[in-house]
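Hi,

Here is the structure I promised to pass on. Have a look at it first, and then read my notes underneath.

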Amino acid sequence: MKSLIWQLLPSQLRHFSEEKRRQAVSIVSNLLSSVPRPPMLPMALPNLPTLLLFLFCLSRSSARYHPLDPLTPSEISTICRTIKSSHLASSKSLAFHYVGLDEPDKPDVLAWQSGRRAALHRRAFVIARADGQTHELYIDISNNNSITSDKIYDGFGYPRVNVEEQAAASALPFNHTPFVESVRKRGLELKEVVCLASTVGWFGEGRQGRRLVNLLCFVTGDTVNLYTRPLEGVTILVDLDAMEIVEYKDRKVVPVPKAAGTDYRASKQEPPFGPQTKPGVVVQPQGKGFTIDGHIVSWSNWVFHLSFDARAGVIISLASVQETENWTHRSVLYRGHVSELFVPYMNPSEEWYYRTFFDAGEYGFGLCASPLEPMMDCPADATFMDACYAGQDGKPVVIPNALCVFERYAGDPSWRHSEFEIPGKVVTEGRADASLVVRMVGTIANYDYVMDWEFKISGSIKLGVQTTGVVQVKATPYAHVDQITEDEHGTLVAENTMGVYHDHYITYYLDLDIDGSNNSFVNSKLKTVRVTDGGTPRKSYWTVVGETAKTEADGRVALGSEPAYQLVVNPNKRTKLGNNVGYRLISNGATATSLLSDDDYPQIRASYTKKQLWVTAYNKSERWAAGLYTDQSRGDDNLAVWSQRNRVIEDRDIVLWYTVGFHHIPCQEDFPLMPTLAGGFELRPYNFFESNPLIKIRPH
Ligand SMILES: [Cu+2]
């Protein structure tokens, strides 16, 4: 019966969370089993759709409407249908490159949240290409999906390269005679070759007016780990709008690394095997401790809105933490998400120099979300949620299990103390740590990023990035390091396989609203003081000098250049003791900044990667650190450029931009697939509460 109900679910219900669907199926099962029926007669099935429709409507009305909810699949369909039948209908090449919520203005959302405004107009922002031009369209969903504006963008850069056009471009070489000959020349068969589209970047060319990609080709053969077997020496340039190969080069034949030892699947491993650990499962005998109502997640002292965007992936909004004293919720974060992932490779050769990827802007980080596997990506009892984006043709594409939400009980203490100093008494007290995790895994071709938002009862939010997947390798004639005589731009990780040096810069957009929108950024510096008066045996100590950033120039911070705490405070709110309430940003490893020269083209495009932290004045249009149009961008619209305006940021609505950075010098353990490497940061209460809120948590 349950499987039958599953099949009959209205299509809208399919996009509900796993938990909601299960609830739905269970409620309907119970309802049906309680309906009396005559013996020997089949159940009155015609009633089922009616019941489901009733349930669907019930679910819609019980889920809280929220102005920041992502576009639903049906909204995406309707919006794209409207555009297809608009003045752009005559276009022969209408393609959708972004369809997302045009979020309402922040003051309106805050007014709505506090009950001072009724439901807000729902609008969408669309980037579409038609007849070689980029259109920016705004749609008023609440007003019969009317197109309120259509502007042609004629600046530098292009919208993301769609999955569909990547696939179409990747198929071109197989009908291109010179490529077929290149494959044969290497003693390979076409059927074992796979090509993928790679963005081309910008290297000082004049205005090309062409959307281009390079194709990277690999050999599968006896392995699924195609990235470890590059077909080196070939360059294939494709014009995406014309969808044709416009340049082809075969410079040199390099042996394809062997397939043996590259496959990572369990079924392909031969003895001897590594040590076996015992399976472990987290059990919550009283059920889950969090609820998800629509897109509102509530857990312990936290409430936040969880959304998804094709470009950013997970978006956390309106995160607030509850005050134990009076049960009021205090705002911490208005909106936070990944803004860009910049991954430049350090090989300047003809086949490699352009590999300087901007994963969010060029490919769409959200739409690279991998369906998550219970027991591997997330605990078995996690709640899984689907996500949706608009395909090139405007039809909604659903990514099943794109996000998971779960509670983490790792067996760690959140605080503890043993007191042995009171005569005749030993006191040991503490609490087990618990947190709520929201996870997404973005798989961008060879690389995987496990992205976590972890909320803690202490008031901390920990943001975690774990990099894993396959390191991009270059085929090389070398089989041993002793053969290498010059800089080969990488580490020999297997025979004929050079793991190429590269970086990962994951930049977060963090619109912190600590107890209100007007905040200040304080760099609290530790300064050594030399004792001069001779009144103490000590010759020195350190003290703290807080420097409040006045303008954006003061908000550009190179972490590690001097010892300091980075704080966001509310200058208008103080604790009972008089300290300004605030949060501290603590880096958790991975603080690399770019080593490229300032005049290098990838660096011009990602000029913000020279510093880990930037503070800017809030501006609704400034969300993407490398600019809205990142493909072939020229660095004229990015975070560092906005910061040059040097706006006032003291006691203002401010945005923090923090970059988690890894320099990656590959090693043999990264082959054939690297173990997760973690970095991240913590947003931690700093004089926000009157005292440690964990003390008032009762033990289980
Ligand atoms: Cu890496």
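Below are my notes on the metal site, the cysteines and one of the sheets.

One caveat before the details: this is a predicted model, so please read everything here in that light.

Let's start with the copper. Which residues hold the ion? Its donors are Y447 through OH, H502 and H504 each through NE2, and H664 through ND1, at 2.0 to 2.2 Å. Note that H664 binds with ND1, while H502 and H504 bind with NE2. Along the sequence the spacing reads Y-x54-H-x1-H-x159-H. Two of these donors come from distant parts of the chain: Y447 belongs to strand β20 (residues 447–456) and H504 to strand β25 (residues 502–512), with their positions 57 residues apart. Y447 is buried at 3% relative accessibility, and H504 is buried too, at 1%.

What about the geometry of the site? The angles among the four donor atoms run from 94 to 144°, and the site is irregular. The upper end of that range is what rules out a tetrahedral label, because that label needs all angles to lie between 85 and 135 degrees. For reference, the ideal angle for four tetrahedral donors is 109.5 degrees.

Now the cysteines. How many disulfides are there? The structure has two, and with the bonded cysteines numbered in sequence order they pair 1-2, 3-4.

The disulfide between C195 and C217 has an S to S distance of 2.2 Å. Its torsion about the S-S bond is about 105°, so this one is right-handed. It connects distant parts of the chain, with C195 in strand β5 (residues 193–199) and C217 in strand β6 (residues 212–219), 22 residues apart. Both C195 and C217 are buried.

The other disulfide joins C378 to C404, again with S to S at 2.2 Å. Here the angle about the S-S bond is -90°, and the link is left-handed. C378 sits in the loop between α9 (359–363) and β15 (383–390), whereas C404 is in strand β16 (residues 396–408), so the bond ties together parts 26 residues apart in sequence. C378 is buried, with a relative accessible area of 3%, and C404 is buried with 0%.

Not every cysteine is bonded, though. Why is C368 left without a partner? The closest cysteine sulfur, in C388, is 15 Å from the sulfur of C368, which is too far for a bond. C388 is in no disulfide either: the cysteine sulfur nearest to it belongs to C80, 9.8 Å away. Are C368 and C388 buried or exposed? C368 is buried, with a relative accessible area of 15%, and C388 is buried with 15% as well.

Last, a sheet to look at while you have the model open. It is an open sheet of three strands in the order β22-β24-β23, with antiparallel pairing. β22 (473–475) and β23 (490–494) are the edge strands, each pairing on one side only. On average, neighbouring strands in this sheet are turned by 40° against each other, direction ignored. If you want to check the register, β23 and β24 (residues 497–500) pair in the antiparallel sense over four bridges, and T491 stands opposite G499 in β24.

Over to you, and shout if anything is unclear.

Cheers

Note on methods:
Residues numbered from 1 in each chain as written. Predicted model: local features only at pLDDT ≥ 70, side-chain atom pairs only at ≥ 80, totals over all residues. Heavy atoms only, no water. Disulfide = S-S within 2.5 Å. Helix = DSSP H or I, 4+ residues; strand = E, 2+ residues; numbered from the N terminus. Buried < 20%, exposed > 50% of the residue type's maximum accessible area, 1.4 Å probe, protein only. Pairing = 2+ DSSP bridges. Axes fitted to C-alpha atoms, helices over the stretch in contact; angles between N-to-C directions. Donors = N, O, S within 2.8 Å, 3.2 Å for Na, K, Ca; no water. Tetrahedral: all angles 85-135°; square planar, octahedral: opposite > 155°, others 65-115°.
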